[in-house]
Amino acid sequence: MKKFINNNDDFLKESLTGFGKAHSDIININLDPSFVSRKNKTKDGKVSLISGGGSGHEPMHGGFVGHGMLDAACPGFVFSAPTPDQMQAAAEHVDSGAGVLFIVKNYSGDIMNFEMGAEMYSGKNDSIITNDDVAVEDSTFTTGRRGVAATVLVEKIVGSLAEHSGSLEECKKLGEKVNKNAGTMGVAFTSCTVPAAGKPTFDIGDDEMEFGVGIHGEPGRKREKIQPSKTIVGNILEAILDNLKPEKNEKNLLFVNGMGGTPLTELYLVYEDACQILQSKGIEVTKSLVGNYCTSLEMQGASITLLKCDDEILKHWDAPVHTAAMRWGM
Amino acid sequence: MIKKEIEFMSVSFLISQAKSVQKVIDENSAEIEILDQKIGDGDHIFNIQRGLKLVVELEDAIKDLPLAKALNMIAMKVLSGIGGSSGALFGTFFMTMAKSSDLDKDVDFNKACEMIISGIKAMKERGKADVGEKTMMDVLLPVSEKLNELKNESEFKTGLNEVIKIAEERMLSTKDMLATKGRASFLGERAKGHIDPGARSSQLIIDTICKSVINN
């Protein structure tokens, strides 16, 4: 394992402390229990948005704390859900009286810990669960689909509504709409290495890719020989379009997300391939996002998310945002 | 009759069991890690090891406390120090045990069984998982049922030997299951052929504690 690391026990604390110093104009870091919160107190009457999850997906979620997005984020250990006391402390710290909306990715550990945190928090609160990964089947017999990159879009869009005086109920409703309108699928070329493990999470050949990989290096649909980008992108989009079934005149946001180890050069190439394929199918791409937003440590690979946008979603996507990882309009 | 000198659920019993379990889990850590990497994301063993370390380190803080308080401290430590599904589930287990009535009196074998049964019931409610879904509940729920039968028997050693056997059988039975809960559920058919890591760690914990009570 080659990583910038001093010792494993301090890995997260040191990284989080550095994150706090680097972005001290936007956020504060609280340790024990650890959470990231806005430097400026949430204004009275604004619904507070809190997300969180295992670390290793940076900049998600701490990088999305700030004006127009989250009020707080609770980082767990690498790839492990955060603990209820973190959510409780974060909620107590940021709630300005309008209630707290927890944004939770659909994994058993995250759901259980957020549920317990919500039970321990005495103020008004509600939750939305993201599950945009079309790689795994959704049936009544499973935990359901995984929550992955579209969580970033949910946080941005609902964050804007909360900033524009949306109520807790309205924020939840919009979040659920964005989640339902989004589909994601990812591909990995290499594994990631959890620092505590010290070795790669899975073995993969030099000429192989994991199609439909999860953001923790979980297996996806199948292991295949690597193919030209256009073929890979075409197969990903086919799975997403099968699921989302966008109308021809509908507007869409195309989000190409890096898993951490793939350079932007390649991500933009993926974006170009995706644009061409969508165009050939008569699907309109109106908005774009390209970069490393929902990562899996140093994994090489990318995911593609398509979000069907109505006017409400477009308006809140364009609204100003100022966080460590996403900034426009201010 | 059950001999009085055997401690079934005292603070010192909890501490010594945590130490024995820690040793056994450490010895089997590579196996559990590999199982989790096959069908999960590899964090289970680190969470269990971190939790055990935190509980063992609580020794000085809890050794002179009443049982209910000690269980509560263990619960909060597990809940806030582990994370993931394991932290929520085992935290719920200890928190529920801490809420048992009459903990200020001596805890006999029947009472200890009752506490464990109520703890496992709360874990089932928290995780919303039942038998047959390829999780730790595949081991814990049948064990809880067996304890429920046992608690009225005076010959607990035979009973605990059966518990050990049931835990092992049920752990092995997860190998051919499709997962419908937890991280492995996303895999569909690909999860088949691998023992669930949570079922394995739970079985090791049960095995260690039962053997230590039997041999005491």
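Domain bounds come from an automatic or database domain assignment. With that in mind, let's walk through this predicted model.

**Stop 1: the two domains of chain A**

Select residues 12-180 of chain A and give them one colour; that's domain 1. Now pick 182-316 of chain A for domain 2. Going by C-alpha atoms, the centres of these two domains sit 22 Å apart. Where they meet, 24 residues of domain 1 of chain A are in contact with 31 residues of domain 2 of chain A.

Which elements should you click on the domain 1 side? Try helix H4 (150-163) and helix H5 (168-180) of chain A, the elements that each give two or more residues to that side. H4(A) supplies the largest share, seven residues. Colour this side of domain 1 by class and you'll get 15 nonpolar, five polar and four charged residues.

**Stop 2: the nonpolar core**

Next, show Ile50(A), Ala72(A), Leu153(A), Ile304(A) and Phe94(B). Within the largest nonpolar core, which has 158 residues, these five touch the most other members. Where does this core lie with respect to the two domains of chain A? Domain 1 and domain 2 both give residues to the core, so it lies between them.

Zoom in on Ile50(A). Leaving out neighbours within four places in sequence, its contacts include Leu70(A), Ala72(A), Met87(A), Val94(A) and Phe102(A). There is also another core, apart from the one you've just seen; it has six residues, among them Ile39(B), Ala179(B), Leu187(B) and Ala191(B).

In general, nonpolar side chains tend to be buried together in soluble globular proteins.

**Stop 3: strands in chain A**

Select strand S1 (residues 27-30) and strand S2 (residues 35-38) of chain A. They pair in the antiparallel sense over four bridges, and Asn30(A) stands opposite Phe35(A). Together S1(A) and S2(A) make a hairpin with four residues between them. Look in the turn for Asp32(A), which has a positive phi of about 60 degrees.

Now add S5(A). Two bridges join it to S2(A), and the two strands run antiparallel. Here you'll find Ser37(A) opposite Ala72(A), a residue you also met in the core.

Then hop to another sheet: three strands, open, in the order S4-S14-S15 of chain A, with antiparallel pairing. Which strands stand at the edges? Strand S4 (66-67) and strand S15 (327-328) do; each has a single partner strand, so one side of each is left without a neighbour in the sheet. Strand S14 (residues 321-323) is joined to S15(A) by two bridges, and His322(A) stands opposite Arg327(A).

**Stop 4: where the chains meet**

Show both chains. The contact takes 32 residues from chain A and 25 residues from chain B. On chain A's side, select strand S5 (72-78), helix H2 (84-94) and helix H3 (108-120), which each give two or more residues. H3(A) gives the most, five residues. By class, chain A's side has 16 nonpolar, twelve polar and four charged residues.

**Stop 5: a helix in chain B**

Last up is helix H8 (residues 137-150) of chain B. At 1.5 Å a residue, its 14 residues should span 20 Å, and the end C-alpha atoms are 19 Å apart, which agrees. Buried residues in H8(B) include Met137(B), Leu140(B), Val143(B) and Leu147(B), and also Asp138(B) and Lys146(B). What do the buried residues of H8(B) pack against? Turn on helix H7 (109-127), helix H9 (156-173) and helix H10 (197-214) of chain B to see their partners.

How values were computed
Residues are numbered from 1 along each chain as its sequence is written. Chains are lettered from A and ligands numbered from 1 in the order in which they are written. This is a predicted model: local features need pLDDT of at least 70, side-chain atom pairs count only at pLDDT 80 or more; totals for chains, interfaces and linings use all residues. Two residues are in contact if their C-beta atoms, placed from the backbone, lie within 7 Å. Ala, Val, Leu, Ile, Met, Phe, Trp, Tyr, Cys and Pro count as nonpolar, Asp, Glu, Lys and Arg as charged, and the others, Gly among them, as polar. The expected span of a helix is 1.5 Å times one less than its number of residues. A residue is buried if 20 or more other C-beta atoms lie within 10 Å of its own, exposed if 12 or fewer, and partly exposed in between; C-beta atoms are placed from the backbone. Two strands pair if DSSP finds at least two bridges between them. A nonpolar core is a set of buried Ala, Val, Leu, Ile, Met, Phe, Trp, Tyr and Cys residues joined through C-beta atoms within 7 Å.
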